[in-house]
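Look first at the charged side chains of this protein chain. Which of them pair up, and which gather on the surface?

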Amino acid sequence: MTKNNFEKVSDKIASRYGAKIIEKSPGNSHLKYTKWQTQSIYKSQIKQRLDYLLEMSSDIEDFKRKATALNLSFDFSGKWATYRLLDEPQMKNTRGRNLDKKRPEKYNLESIIERLKTNELSLTIEEVVERYEEKVDVVKQDFDYQVTVEKWQIDHMTSKGFYLNVDFGIADRGQIFIGGYKVDQLENGDCMLYLKKNETFRLLSEKEASFTKYLTGHDLAKQLGLYNGTVPLKKEPVISTINELVDAINFLAEHGVTEGTQFNNMESQLMSALGDAEEKLSIIDNKIMELTKIAKLLIEKESEHSQAAINELEELGVSPSIKYQDIHQELQSEKMSRKILKNKFEQTVDEINTFNEIKATTLEENKEKSEGKRI
């Protein structure tokens, strides 16, 4: 039994009986964790601030002043620009070339100067700092699945997190520990669990302490949903991209920037994101059709013992262990994900059309006023 496995079993037993456990978790809720994560990953934070400054600065001197206001140290004296967070315990500088592998020169002095030439927005340092703080406060929940966990599924809770009951094998039960940073408690005692698809969780057996089995976030979401009859919500990343771009365009418009390179670049990125969303909807539609077909064949296999259905399932590469209930849950999850993405797509398209109508009317009115003055 490894030291890590022994510690997990020891922590479970100690927490169940109220013994003190040394805290290692960065927080006790999913929302706190995402904020902690954003502030702790230095490269991500530096890149986030630099991209923001590239949008909000008028020239290189303005860029430097605002970078200082955002606690971002910079050094352009070498071949590669280097950066360091002054409000984090970052000891070593980070080279700009390591922030974007596809465009290593993006954060070098010459590239920054060229990029800033396209900006039409002019904001004070105070306005830039305030808006950046607002962006940081908007927590970006980094998850692939959102799963409801009911009270009866929780073995016990600690200040570090939750032990969830999971059945496996033949008449065997165990617990999986979920750090508190992945969980939000609901008023009714249930919890909302946030999982990444490929992360792994160790199953702690009730019968055998040395037993080792791991579940991925995908499998755990599926299993927990099957237990309580809820459908895991699968998040499509393109939704976050669309929200960020719409927010950026609205911000520019609020400050009188509705034309020019900067605004046009944002519009192009948004149209590209909408194209990605449309493509993703098509993929989900095909997935729904495939799952519907498999579900129908499984019903025929399980209720009618149809050999034709069994043969067709084999041709589709469906595992013999797959049950109708498994496919039904995945099908419902895909349908829910499609509905949310479709609503976001249609809402954004409507907003763009409305904005363009207002913009065209304003331009026409300004043109008429201008012609009236000349007369």
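This report covers the overall make-up, the salt bridges, the charged patches and two further residues.

**Overall make-up**

The model is predicted. The protein chain has 11 helices and 12 strands. It counts 375 residues, and 38% of them are buried. The exposed surface comes to about 21,500 Å². Carbon and sulfur atoms supply 51% of that area. Among contacts with a separation of 6 or more, 65% join residues 24 or more positions apart.

**Salt bridges**

Side chains of opposite charge can pair when their charged atoms come close. The count here comes to 12 salt bridges. The table gives three of them, including the N to O distance.

| Pair | N to O distance |
|---|---|
| aspartate 87 and arginine 49 | 3.1 Å |
| lysine 106 and aspartate 51 | 3.5 Å |
| lysine 342 and glutamate 346 | 3.6 Å |

Aspartate 87 and arginine 49 meet in a salt bridge. Aspartate 87 sits in the loop between β2 (82–85) and β3, and arginine 49 sits in helix α3 (residues 42–56), so the pair ties together parts that are 38 residues apart in sequence. How exposed is each partner, buried or partly exposed? Aspartate 87 is partly exposed, because its relative accessibility is 39%. Arginine 49 has 3% relative accessibility and therefore counts as buried.

Helix α3 also supplies a partner to the bridge between lysine 106 and aspartate 51. Lysine 106 is in the loop between β3 and α5, and the two residues are 55 apart, so this bridge too links distant parts of the chain. Lysine 106 counts as buried at 17% relative accessibility. Aspartate 51 counts as partly exposed at 22%.

The bridge between lysine 342 and glutamate 346 is found within one element. Both residues lie in helix α11 (residues 324–374). They are four residues apart, about one turn of the helix. Lysine 342 is partly exposed, with a relative accessible area of 28%. Glutamate 346 is partly exposed too, at 37%. Elsewhere, salt bridges that share partners join Lys47, Asp51 and Lys106 into one network.

**Charged patches**

Which residues form the patch of positive charge on the surface? Lys43, Lys79, Lys92, Arg95, Arg97 and Lys101 gather there. Lysine 101 lies in the loop between β3 and α5 (109–116). Its relative accessible area is 65%, so lysine 101 is exposed.

A negative patch is also present on the surface. Glu126, Glu127, Glu130 and Glu133 form it. Glutamate 127 belongs to helix α6 (residues 125–137). At 35% relative accessibility, glutamate 127 counts as partly exposed.

**Two further residues**

Threonine 94 is in strand β3 (residues 94–95). It is buried, because its relative accessibility is 9%. What does threonine 94 touch, leaving out residues up to four places away in sequence? Its contacts are Lys43, Ile46, Ala81, Thr82, Tyr83 and Leu99. One of these, Lys43, is also a member of the positive patch.

Aspartate 219 is in helix α7 (residues 217–228). It is partly exposed, at 34% relative accessibility. Asparagine 198 is 21 residues from aspartate 219 along the chain. Their C-alpha atoms are separated by 9.2 Å.

Terms used:
Residues are numbered from 1 along each chain as its sequence is written. This is a predicted model: local features need pLDDT of at least 70, side-chain atom pairs count only at pLDDT 80 or more; totals for chains, interfaces and linings use all residues. Side-chain values use heavy atoms; hydrogens and water are left out. Patches are made of residues with over 30% relative accessible area and no salt bridge: like charges are joined within 9 Å, nonpolar side chains (Val, Leu, Ile, Met, Phe, Trp, Tyr) within 5 Å. Accessible areas come from the Shrake-Rupley method with a 1.4 Å probe; for residues, only the protein chains shown count as cover. A salt bridge is a side-chain nitrogen of Lys or Arg within 4 Å of a carboxyl oxygen of Asp or Glu. Lys and Arg count as positive and Asp and Glu as negative; His and the chain ends are not counted. The place of a charge is taken as NZ of Lys, CZ of Arg, CG of Asp or CD of Glu. Buried means under 20% relative accessible area, exposed over 50%, partly exposed in between (1.4 Å probe, protein chains only). Contact means heavy atoms within 4.5 Å.
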